[in-house]
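The following note sets out numbered remarks on the structure shown below. They are intended to be read alongside the coordinates.

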Amino acid sequence: MVEKYDVVILGGGVAGGSLAHSLRRQNKSVAVVENNLFGGTCPNRGCDPKKILLAGLEVTQTVADMQGNGISGHVSVNWPDLMRHKRQYTDPISNATQHALVADGVDTFHEQAQFNDAGQLQAGNHVLEADKYVIATGQRPNRLPITGSEYFKTSTDFLNLNDMPKDVTFIGGGYIGFELAGIAHAAGAKVHLIHHNDHPLKQFDPQLVKDVMNHLEDEGVDIQLNTSVTQVAKVGEQYVVSGEDGFKLPTDAVFCTAGRIPNVDTIGLDKVGVEYDRHGVKVNDFLQTTNDKIFAMGDVVSTKRPKLTPVASYEASYLAEYFAGNEAKIAFKSIPTLVFGQPTLAQVGLPASIATNDDHYLLISNDMTGWYSYHRLNEPLAKAKVVVDRENETVVGATVLSNHADYLINIFTLMIDQRMKIDDFNKEILAYPSFASDVTYLV
Ligand SMILES: Cc1cc2nc3c(=O)[nH]c(=O)nc-3n(C[C@H](O)[C@H](O)[C@H](O)COP(=O)(O)OP(=O)(O)OC[C@H]3O[C@@H](n4cnc5c(N)ncnc54)[C@H](O)[C@@H]3O)c2cc1C
Ligand SMILES: NC(=O)c1ccc[n+]([C@@H]2O[C@H](COP(=O)([O-])OP(=O)(O)OC[C@H]3O[C@@H](n4cnc5c(N)ncnc54)[C@H](O)[C@@H]3O)[C@@H](O)[C@H]2O)c1
């Protein structure tokens, strides 16, 4: 029997779940098909569990920074306890998310979703038919196609490690490689981070990336740039990572952190004429695919924009409005991006480099390390670069490196999106002393 809906959503992650709830508020009949954990990557195996495990780094680093400044005695991470702390949060997520959908009147299917030859959606033994379909199947970890790739572990494995190995290696210096390297180091592992060229974290300000790397190296993390890994072999209980020019590294665990690939290959897109490339499903300015009944949103979309949770939610909100009859094109706002750690590196809007070649912009750089807010906890690194549009007297870009860069970058994001005049911002009465009140000294 064919089950009919207004909208069927493939993938019950951040984007899929959020759209389903919004569509129920419009009294539309909705089904969500999820083949793994409801809630998707972010709360189960991404942002949230990662940030809980980062607590280990935050606490140990803060105590270390404060030695001799009123704090004595070191603390260490008990990984199994920290993992239990994480699981207390993550274990209930999938069931709770599915129950919330069901309670809202959404039909949920715990099945692999795939289009069939008739253009309907097959979900196990169920055949679902809808006026509109939305692909929100996200991404999965990339496995570099080298000899021994079967030995690779992924970010999902890392976020579920029962015990922290003594020596761990990450291949790929992107967001995930850097964030997990910081967590593993704080948990007591000897950490190696191997990157194939000389610009890891290529989306970020190169000088501040250098500061992050110097800091990690001072802490004892081994960073190998310009090293292409060609093989992983199992030797006894260990693994040996080999690369060009005789590179050899014995280690206890190898995590492939060399990017993520969109889940486009197993959902029958060719049967319904939906085009995609290696970055994901191709969409127009209405998030519509090359089949006008089928839309796509979130990480699975082919785009150069950062693939992040708030972007997935934003696209879900856009589609809810579009399906309600508001047919404006999607317009993106500034997207702040962060590499969480101690320090955290955060960026939004135009990069600092733009101001070096264009007189239209003024670059204001500050080393905030000695400032009150950072002196308090004796933070070793606190820097900010703010790009100002000279004519309009507004902030158009910012990069921040500090343990609390996430607070500041959100303030700069608001200033950019609201096109707030710097003078107007400086007239606000903000709680003092706080990171936000420091912004007046940064612009
Ligand atoms: C380790 C890690 C850390 C991250 N940290 C951050 C962070 O700090 N901040 C941030 O903003 N973003 C972060 N992200 C990115 C963030 O998790 C994603 O941008 C977000 O989850 C995207 O939401 P989505 O709904 O598009 O995809 P997902 O949340 O991945 O949801 C897609 C869902 O579709 C399901 N699915 C796939 N194929 C099928 C199929 N054939 N049938 C049925 N279901 C299917 C999947 O199981 C999944 O549940 C992180 C990601 C990772 C991996
Ligand atoms: N804090 C956050 O917001 C956050 C955190 C984690 C993940 N994410 C999201 O998840 C996505 C995926 O993260 P990611 O770190 O896996 O991807 P990424 O694209 O950021 O980084 C992958 C890195 O691996 C490198 N690489 C590629 N091939 C390699 C090779 N053969 N050898 C060595 N290095 C190689 C790339 O040059 C790149 O620097 C991000 O783009 C982001 O959207 C966000």
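1. Ligand 2 lies between two domains of this predicted model. Domain 1 (2-141 + 261-323) and domain 2 (149-258) both give residues to the shell around ligand 2, and the ligand is therefore placed between them.

2. The surroundings of ligand 2 comprise 26 residues, of which G172, G174, Y175, I176 and H196 come nearest. Two elements, α7 (175-186) and β19, give two or more residues each to this shell. The largest share, 4 residues, is supplied by α7. Sorted by class, the shell holds 12 nonpolar, 10 polar and 4 charged residues.

3. The domain assignment of the protein chain lists domain 3 (343-442) in addition to domain 1 (2-141 + 261-323) and domain 2 (149-258). Taken over C-alpha atoms, the centres of domain 2 and domain 3 are separated by 31 Å. Their contact draws 6 residues from domain 2 and 10 residues from domain 3. On the side of domain 2 that touches domain 3, the residues divide into 3 nonpolar, 1 polar and 2 charged.

4. The strand β19, already noted for its part in the shell around ligand 2, also belongs to an open sheet of 5 strands. The order in this sheet is β19-β20-β23-β22-β21, with antiparallel pairing. The edges are occupied by β19 and β21 (361-367); each has a single partner strand, so one side of each is left without a neighbour in the sheet. On average, and with direction ignored, neighbouring strands of the sheet are turned by 10 degrees against each other.

5. At the β19 edge, the pairing of β19 with β20 is antiparallel and extends over 3 bridges. Within this part of the sheet, L338 stands opposite A346 in β20. Elsewhere on the sheet, helix α8 (residues 206-219) lies across β20, β22 and β23 (394-402). The helix α8 runs at about 15 degrees to β23.

6. Two peptide bonds merit inspection. Most peptide bonds are trans. The bond joining Q342 and P343, however, is cis, with omega about 5 degrees. P343 is located in the loop between β19 (337-339) and β20 (344-349), the two strands that pair over 3 bridges. A cis peptide bond also leads from Y432 to P433, and its omega is near -10 degrees. P433 is placed in the loop between α13 (422-427) and α14 (435-442).

7. Backbone phi values deserve similar attention. Most residues other than glycine have a negative phi. N226, which is not a glycine, nevertheless has a positive phi of about 50 degrees. This residue is found in the loop between β10 (222-224) and β11 (229-235). As to its surroundings, N226 counts as partly exposed because it has 13 C-beta neighbours inside 10 Å, a count between the limits of 12 or fewer for exposed and 20 or more for buried.

8. A positive phi also occurs at N378, where the value is near 50 degrees in a residue other than glycine. The loop that holds N378 runs between α11 (372-375) and β22 (383-389); β22 is one of the strands of the open sheet. Is N378 buried, exposed or partly exposed? With 16 other C-beta atoms within 10 Å, N378 is partly exposed.

How values were computed. Residues numbered from 1 in each chain as written. Chains lettered and ligands numbered in written order. Predicted model: local features only at pLDDT ≥ 70, side-chain atom pairs only at ≥ 80, totals over all residues. Near = placed C-beta within 6 Å. Nonpolar A, V, L, I, M, F, W, Y, C, P; charged D, E, K, R; others polar. Domains from an automatic or database assignment. Pairing = 2+ DSSP bridges. Axes fitted to C-alpha atoms, helices over the stretch in contact; angles between N-to-C directions. Contact = placed C-beta atoms within 7 Å.
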